[in-house]
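Visitor: Please take one part of this model and look at it closely. I would like the stretch around a single helix and the loop that follows, set in the context of the chain.

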Amino acid sequence: MAGEIGSFKYEVVVDALPYIDQGYDDVGVRESALAMVEEECRRYRPTKNYLEHLPPLIAPLTAAFETKLMSQEFERIQNRVPMETLSMKRYELPPPSTGRSEVSAWEESIDNSKAQLEHQWVRAMNLELMLDYGIEAWKAYLEIFVAMQAKAQTQLQHLKKEIQDVNWQRKQTQTQAGEKLRTLEENWVSLVSKNYEIEQQCVEIEKQIHLVRRRLAEKETPPTINGSEQMNGTAEEENAMEQDDDQANEEDISPTITS
């Protein structure tokens, strides 16, 4: 059964009833299904953009959360440009490259060394602050994390319940459909059997009709009887009548037996 959504076409629509279908555990069924999947994967050729059947995103909606950096990164990915490596230049202290006699080059180098020294001092200060307040900060973080975990567990249980309800509804629907299918199948078998019996009766009636028609045709055209055959027939009829009369007389004179 083929289906179509927008410009995207589906070759097959699954219409199985796994809760009532039988035969999944039979020998060769799994191998046959895997062979069909491999054959479909071999024939399937994905297009360049498999989401082209979906409507495009509206620009104002994407601009609400898309930053300039994200736009540049998406453009880089679309153009297949490799990502730039992490620059470690800010952590280096190179000497002046233009020569030792230029004052501006030495000033730039000194400013860079001061920035590096300030960065290391900030790191040392952060370590001292972490030693003083890190434990309490981590406790507060863990409390928040535990609350987030409890909330996530609640959402997970709710989703599991929804999934269970959906599966139960699917099972109930398929069970009802299976009972209806079995009833319809039994009715179909019964009707087919009745039709077969009716066909057999029709054949028998046609045979009887044909036989009656043949007898009527034979009576309409009686055969010619010669004199000797007619006399023999008359004698046989008289003998039969005499035997019937003798039997009737014997029955009349036979004594009644009482117990």
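Guide: Buried here means under 20% relative accessible area, exposed means over 50%, and partly exposed lies in between. Arg76 has a relative accessible area of 19%, so Arg76 counts as buried. The model is a predicted one.

Start with the setting of that residue. Arg76 sits in helix α3, which covers residues 68-78. Set aside the neighbours within four places in sequence, and Arg76 is in contact with Val81, Pro82 and Met83.

Now step into the loop. Arg80 belongs to the loop between α3 and α4. Its relative accessibility is 77%, which is over the 50% cut-off, so Arg80 is exposed. The backbone of Arg80 deserves a look too. Arg80 is not a glycine, yet its phi is positive, at about 60 degrees. Most residues other than glycine have a negative phi.

Follow the chain on to the next helix. Helix α4 spans residues 103-220, and Gln116 is found in it. Gln116 is buried because its relative accessible area, 11%, falls under 20%. Leave out residues up to four places away in sequence, and Gln116 touches Arg90, Tyr91, Glu92 and Leu93.

A pocket comes next. The second largest pocket has a volume of about 300 Å³. It is lined by 11 residues, and the closest to its centre are Pro94, Pro95, Pro96, Glu108 and Ser109. Sorted by class, that lining holds four nonpolar, four polar and three charged residues.

Two cysteines can be placed on the same scale of exposure. Cys41 has 54% relative accessibility, over the 50% limit, so Cys41 counts as exposed. Cys202 has a relative accessible area of 39%, between the two limits, and is therefore partly exposed. What of disulfides? A disulfide is a covalent bond between the sulfur atoms of two cysteines. The count for this model is zero.

Last, the wider frame. The chain has five helices and two strands. Along the sequence they run β-β-α-α-α-α-α. The chain has 259 residues, and 4% of them count as buried. Arg76 and Gln116 are both buried. The accessible surface of the chain comes to about 25,100 Å², with 58% of it belonging to carbon and sulfur atoms. Contacts complete the frame. Take the contacts in the chain with a separation of 6 or more: residues 24 or more positions apart account for 39% of them.

Back to the part you asked about. Arg76 in helix α3 is buried, whereas Arg80 in the loop between α3 and α4 is exposed.

Definitions and conventions. Residues numbered from 1 in each chain as written. Predicted model: local features only at pLDDT ≥ 70, side-chain atom pairs only at ≥ 80, totals over all residues. Heavy atoms only, no water. Disulfide = S-S within 2.5 Å. Buried < 20%, exposed > 50% of the residue type's maximum accessible area, 1.4 Å probe, protein only. 1 Å grid on protein atoms, 1.4 Å probe; cavity = no way out; pocket = protein on both sides within 12 Å on 5 of 7 lines; lining within 4 Å. Points joined across faces, edges and corners; volume = space filled by probe spheres on them. Nonpolar A, V, L, I, M, F, W, Y, C, P; charged D, E, K, R; others polar. Helix = DSSP H or I, 4+ residues; strand = E, 2+ residues; numbered from the N terminus. Contact = heavy atoms within 4.5 Å. Areas by Shrake-Rupley, 256 points an atom, 1.4 Å probe, with all protein chains shown as cover.
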